[in-house]
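Trainee: I should like a close look at a single part of this structure, the central sheet, together with what packs around it. Please give one connected account.

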Amino acid sequence: MKLLILNGPNLNMVGIREPNLYGDKRYKELVKEIKLYSKEKKIKSKVFQSNYEGKLIDKIQKAYKKYDGIIINAGAYSHTSIAILDALKSVNIPVVEVHLTNISAREEFRKNSYISSLAKKVIMGKGFNGYIEAIDYFVK
C-alpha cells in the first residue's frame, strides 16, 4: 500500500506556532513518527508539506493511479480551497482528512472544511496521533 500524506500552510511551523493549540513537538518529529509507523505497518508513505495551494494541487494530481490513499491536513486551505477539493475529486483516491486541533470547537470560520465533504473519515483534535489513526484507517 502507498499513501500520500499532504500538509498545508504553516504546518511546518508546528511546535513554534501557538504551542498552546498545536503542542511543542516540531514538524520534523511528525514526519519521523509517520515514517516509522508506516514502516512498522509495511506501508510506503510520502510526506509533503507546502505553504502554496498550487503545489498541493500538483501533488494531488500526480498521485493519480500511483497511491492507494491520501491523508491530508490542508491547514487553512481546508476552509477556503475549492480548488484542493476539486483536485481530490479528480483523482478518485480515498481521502482521510486530519486536523491537529478540533476545528469544530474553534473560530466560526474554521468550522467548515470543504475537504470533509469528500473525506471517508475526518480526524480532529488528536494532535500527531491523528495521522497514526489515519494510517490505521487505510490498513484496515
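Mentor: The model is a predicted one, and helix α5 offers a convenient way into the sheet. What covers the buried residues of α5 includes the strands β1 (2-7), β3 (69-73), β4 (95-99) and β5 (121-124), along with helix α2 (27-40). Helix α5 itself spans residues 129-139, and its buried residues are Gly130, Tyr131, Ile132, Ala134, Ile135 and Phe138.

The sheet is open and has five strands, in the order β2-β1-β3-β4-β5, with parallel pairing. Its edges are formed by β2 (44-49) and β5; each has a single partner strand, so one side of each is left without a neighbour in the sheet. From one strand to the next the twist averages 15°. As a general point, strands of a sheet pair through backbone hydrogen bonds, either parallel or antiparallel. Here β1 and β3 run parallel and are joined by five bridges. Across from isoleucine 5 stands isoleucine 71 in β3.

Two further helices should be placed against these strands. Helix α2 packs on the sheet, where it touches β1 and β2, and its direction makes about 165° with that of β2. Helix α3 (residues 53-62) lies across β1, β2 and β3, and runs at about 170° to β1.

Within helix α3, isoleucine 60 deserves attention. Isoleucine 60 is buried, with a relative accessible area of 0%. Although isoleucine 60 and isoleucine 5 are 55 residues apart in sequence, their C-alpha atoms are 9.9 Å apart in space. Leaving aside neighbours within four places in sequence, isoleucine 60 is in contact with Leu6, Ile70, Ile72, Ile84, Ala87, Leu88 and Val91.

The nonpolar packing can be taken next. The largest nonpolar core has 22 residues, of which Ile34, Ile71, Leu100, Tyr131 and Ile135 touch the most other members. The elements that give two or more residues to this core are β1, α2, β4 and α5. Helix α5 gives the most, with five residues. The surroundings of tyrosine 131 illustrate this packing: apart from neighbours within four places in sequence, tyrosine 131 is in contact with Ile5, Asn7, Leu11, Leu30, Ile34, Ile71, Asn73, Val98 and Leu100. There is also a second, separate core of 20 residues, and among its members are Phe48, Ile57, Tyr77 and Ile84.

Returning to the aromatic residues, the count comes to one aromatic pair. The rings of tyrosine 137 and phenylalanine 138 have their centres 5.4 Å apart and their planes at 85°, so the pair is edge-to-face. The two partners can also be described by their exposure. Tyrosine 137 is partly exposed, with a relative accessible area of 33%, whereas phenylalanine 138, at 9% relative accessibility, counts as buried.

Two lysines lie over aromatic rings. Lysine 59 lies over the face of phenylalanine 48, at 4.7 Å from the ring centre. Lysine 2 lies over the face of tyrosine 67, at 5.0 Å from the ring centre.

The loops that adjoin the strands complete the account. Histidine 79 is found in the loop between β3 and α4. At 12% relative accessibility, histidine 79 counts as buried, because the cut-off for that class is under 20%. When residues up to four places away in sequence are not counted, histidine 79 touches Ile103, Phe109, Arg110, Asn112, Ser113 and Tyr114.

Two asparagines in other loops have an unusual backbone feature to report. Asparagine 10, in the loop between β1 and α1 (19-22), has a positive phi of about 75° although it is not a glycine. Asparagine 10 is partly exposed, with a relative accessible area of 37%. Asparagine 92, in the loop between α4 (82-91) and β4, likewise is not a glycine, yet has a positive phi of about 55°. At 70% relative accessibility, asparagine 92 counts as exposed.

Terms used: Residues numbered from 1 in each chain as written. Predicted model: local features only at pLDDT ≥ 70, side-chain atom pairs only at ≥ 80, totals over all residues. Heavy atoms only, no water. Buried < 20%, exposed > 50% of the residue type's maximum accessible area, 1.4 Å probe, protein only. Helix = DSSP H or I, 4+ residues; strand = E, 2+ residues; numbered from the N terminus. Contact = heavy atoms within 4.5 Å. Pairing = 2+ DSSP bridges. Axes fitted to C-alpha atoms, helices over the stretch in contact; angles between N-to-C directions. Phe/Tyr/Trp six-rings, centres within 6.5 Å; stacked < 30°, edge-to-face > 60°. Lys NZ or Arg CZ within 6 Å of the ring centre and 35° of its normal. Core = buried A, V, L, I, M, F, W, Y, C linked by side-chain atoms within 4.5 Å.
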